[in-house]
Amino acid sequence: MVDDINISDFILEKYTEAKVADQTLEVVFENETQFLGYENGQEKCKDLMFPFSRSPLKMVAIKHSKNLLESKNDSLHAKDITEITLDIKDLKEYEWQPGDTIAILPRNDKNSVDEFLQLLDMERQADTTCSVQISKLCTKKSAKVPVYIPKLTTPREILRDCLNIKSILKKTFIRSLAEHCTDGEEKTFLKCLSSKEGSAFYNELIMEKGFTVMDLLKHCRSCKPPFALIVEHLSRLLPRPYSIANSPLKSTYEISIIFSTLDVKPGVTTNMLKEKITEESASILMYLREPNYFRYTEDNYQQNQVLIAIGTGLAPFLGFLQHKQHMMANDKNGNPGITWLFVGTTSEQAVVHRDLLLQWQSKNILNNFVESYSRVPTTRYHYVQDSLECNAQQLVELLMKPETTIYLCADGGQISKSIEKSLQNILVKELAITAEESVEMMNDFKAKRKYREDIWL
């Protein structure tokens, strides 16, 4: 729940009103109610491209699910961790390797969509057939109807399947919303928020507190924008990528994914998946994404890997190790390379499939397993950066071998940058080189694919 605010605290004495952008779209209703029988409205858009797709969008069944960590009534953990196994036995064209990713097409939850329709006073038109068209008043020659909006649809379908209702709001949109307020204070609030002088207010409410269009409409009850304005300014609800957490050598017809869910303000896709696993015979829409170099195949078997994972970033490495296990059992692939794993989580309980990792360590499938727990005061290492620096000498010896590759799976923000900085510091210390030389060495590692990242935002 976004913090409640008093909008009068965000009104400036002096400000310059931003120009109102011309509206380019209009929604034309067909005056009839019609059930449009698709799982997701984006399926109906024939010319729509799905990011990094290498297979068609397909409906797959959720075979089973398992809660790996429950955070309820737990002061140590803020997220649930869940594993889902998908049945892909009917998808013969799905060929994949550990490290590959799938994309799941999400939908906004029913309660949020119902509330949005209510805020717009559109409950009665929610399921009325409509089409989105270029406005007759539009003078823009380049104006287009978004390709992710079906030609024949309903307001409910658009809000549920096509628009990211949690989009970061641009000032142009906020300024346009002000024109549809009948309350003077609310109109002034939105004008201030979208002005140049109101940048500090914009940063506080939109960028820091994460106010969405629904939050603004709740605080500005007189604001009733036309539905076309919502369609024009909210971004597309995009498929969400997930790393595959198993090996095709174990089962060609199953794909497992692992994800975490926040109790407060969960992500759209993770929230949908948590709801799906409570249903009988649940299924999802997904596709395989184009592979990159973040993968473990038979070609990597005799090479060394340093695996670094934060939280559920451990997921692809479970597939790596499972793959290695099956190749070792086959005993036809030569001598296996050395595999080290550095994991950072909140606690021991948050290390997904820790018992399996310890088994792999006991069988030398995993040759070194180092854990860091950020919320356990008595632990040896609190952060992955600590564990890397305390194992610096042996780590650099392994890293400098030409057959060693580093894989990092972590948040693409400060965490991954901090880990890279730690590796640079280690190189400076152990190789007696300058900071500039260590940066150059890391860049060279990346260029030669000796350092591979799978990062998310």
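**Exercise 1.** In this predicted model, decide whether Phe 50 and Tyr 287 are buried or exposed, and work out how their rings are arranged and which parts of the chain they join.

*Solution.* Begin with accessibility: Phe 50 and Tyr 287 are both buried. Next, turn to the rings, for the structure holds 10 aromatic pairs. The ring centres of Phe 50 and Tyr 287 are 5.8 Å apart and their planes stand at 50°, so this pair counts as tilted, given that stacked planes are under 30 degrees apart and edge-to-face planes over 60. Finally, place the two residues: Phe 50 belongs to the loop between strands E1 and E2, while Tyr 287 belongs to strand E8, so the pair ties together parts that are 237 residues apart in sequence.

**Exercise 2.** Find which strands pair with E2, and in which sense they run.

*Solution.* Take E8 to start with: strand E2 (residues 58-69) pairs with strand E8 (residues 283-288) in the antiparallel sense, over four bridges, and Lys 58 stands opposite Met 286 there. Then take E3 (residues 79-87), which is joined to E2 by seven bridges and is also antiparallel to E2; here His 64 stands opposite Thr 85.

**Exercise 3.** Locate Lys 274 and state which residues it touches, leaving out those up to four places away in sequence.

*Solution.* Lys 274 is found in helix H8, which covers residues 268-276. With sequence neighbours up to four places away set aside, Lys 274 touches Asn 67, Asp 80, Thr 82, Phe 259 and Thr 261. For Thr 261, which is 13 residues from Lys 274 along the chain, the separation between the two C-alpha atoms is 8.2 Å.

Note on methods
Residues are numbered from 1 along each chain as its sequence is written. This is a predicted model: local features need pLDDT of at least 70, side-chain atom pairs count only at pLDDT 80 or more; totals for chains, interfaces and linings use all residues. Side-chain values use heavy atoms; hydrogens and water are left out. Two strands pair if DSSP finds at least two bridges between them. Contact means heavy atoms within 4.5 Å. Rings of Phe, Tyr and Trp (its six-membered ring) pair if their centres lie within 6.5 Å; planes under 30 degrees apart count as stacked, over 60 as edge-to-face and the rest as tilted. Buried means under 20% relative accessible area, exposed over 50%, partly exposed in between (1.4 Å probe, protein chains only).
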